[in-house]
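Colleague: I'm new to this one and would like a close look at a single part, the sheet. Could you walk me through it, and then show me what else is worth following from there?

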Amino acid sequence: MQLIGMLDSPYVRRVAVSLRVLGLPFTHRCVSVFRTYEQFKAINPVVKAPTLVCNDGTVLMDSTLILDYAEALARPRSLLPENVRERAAALRSVGLALAACEKSVQIVYERNLRPPEKQHEPWVSRVTEQLLAAYRALETELAVPGASLELNAATIAAATTWRFTQEKLPGTVGAHQHPRLHSLSQWAEAQPAFLASPYDETTLHV
Ligand SMILES: N[C@@H](CCC(=O)N[C@@H](CS)C(=O)NCC(=O)O)C(=O)O
């Protein structure tokens, strides 16, 4: 199995960490949707990261769909609880983290891909408000500080998204207002599956 995409993408990193926690072997190819567009296009003409090339050659995209496939491969191991109420709570956290992820990416694209005179501030304000609402809700969903932490669907999505927002939009979402997310991130970044999938690939620990 091949995972295609850069680990500074929160979606790619979410998949890389999850595959490792699930114990699924894969090869990671650092191909960028921007810097190496043509190379990416040759693998997946839609040029979406993450892309997963399955062992039978099937090309999957979208982190959530890739993880659905991974869960099927990994059974009985799973990153989601079986219990319906616990699963709904976990899925709510994943949804909030993915919304924060999407809103962060939208701001980054607006700022970096559009010329300054074409940037639309009302749009950036709206997206920033959505971003803050997603993180505020996610903060309240996370387990109380001191409770034992584990890498699961919710904590992986939250920690990969938090790191991305902090790196790309510094000062936008304060650590002081989000102490649980901040400490989750610090704990998660020290776990083997995160160290093996570093945000900054020049610090790869494997
Ligand atoms: N919903 C998708 C979002 C993936 C996404 O937007 N990836 C970005 C990289 S962070 C991408 O492929 N950007 C290039 C583009 O959309 O043209 C997922 O969960 O995988």
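**A look at the sheet**

Modeller: Keep in mind that this is a predicted model. The sheet is an open one with 4 strands, running in the order β2-β1-β3-β4, and its pairing is mixed. At the edges stand β2 (27-29) and β4 (59-61); each has a single partner strand, so one side of each is left without a neighbour in the sheet. On average, neighbouring strands here are turned by 25 degrees against each other, if you ignore direction.

Now zoom in on one pair. Strand β3 (residues 51-53) pairs with β4 in the antiparallel sense, over 3 bridges. If you want a spot to click on, try L52, which stands opposite L60 in β4.

Next, the ligand. Its surroundings include V47, K48, A49 and P50, along with D62, S63 and T64. S9, Y11, V33 and V105 are also among the residues around the ligand. By type, the shell splits into 6 nonpolar, 3 polar and 2 charged residues.

From there, move on to the helices. Helix α4 (residues 84-113) has 30 residues and reaches 42 Å from its first C-alpha to its last, close to the 44 Å expected. Its buried residues include A90, V94, L96 and A97, and also K103. Among the elements covering the buried residues of α4 are α1 (10-22), α5 (121-141) and α6. As for α6 (residues 153-168), it has 16 residues and reaches 23 Å, close to the 22 Å expected. Of those 16 residues, 13 are buried, so α6 is largely enclosed by the rest of the structure.

Notes
Residues are numbered from 1 along each chain as its sequence is written. This is a predicted model: local features need pLDDT of at least 70, side-chain atom pairs count only at pLDDT 80 or more; totals for chains, interfaces and linings use all residues. Helices (H or I, at least four residues) and strands (E, at least two) are DSSP runs, numbered from the N terminus. The expected span of a helix is 1.5 Å times one less than its number of residues. A residue is buried if 20 or more other C-beta atoms lie within 10 Å of its own, exposed if 12 or fewer, and partly exposed in between; C-beta atoms are placed from the backbone. A residue is near a molecule or strand if its C-beta atom, placed from the backbone, lies within 6 Å of it. Ala, Val, Leu, Ile, Met, Phe, Trp, Tyr, Cys and Pro count as nonpolar, Asp, Glu, Lys and Arg as charged, and the others, Gly among them, as polar. Two strands pair if DSSP finds at least two bridges between them. Axes are lines fitted to C-alpha atoms, for helices over the stretch in contact, and angles run from 0 to 180 degrees between N-to-C directions. Two residues are in contact if their C-beta atoms, placed from the backbone, lie within 7 Å.
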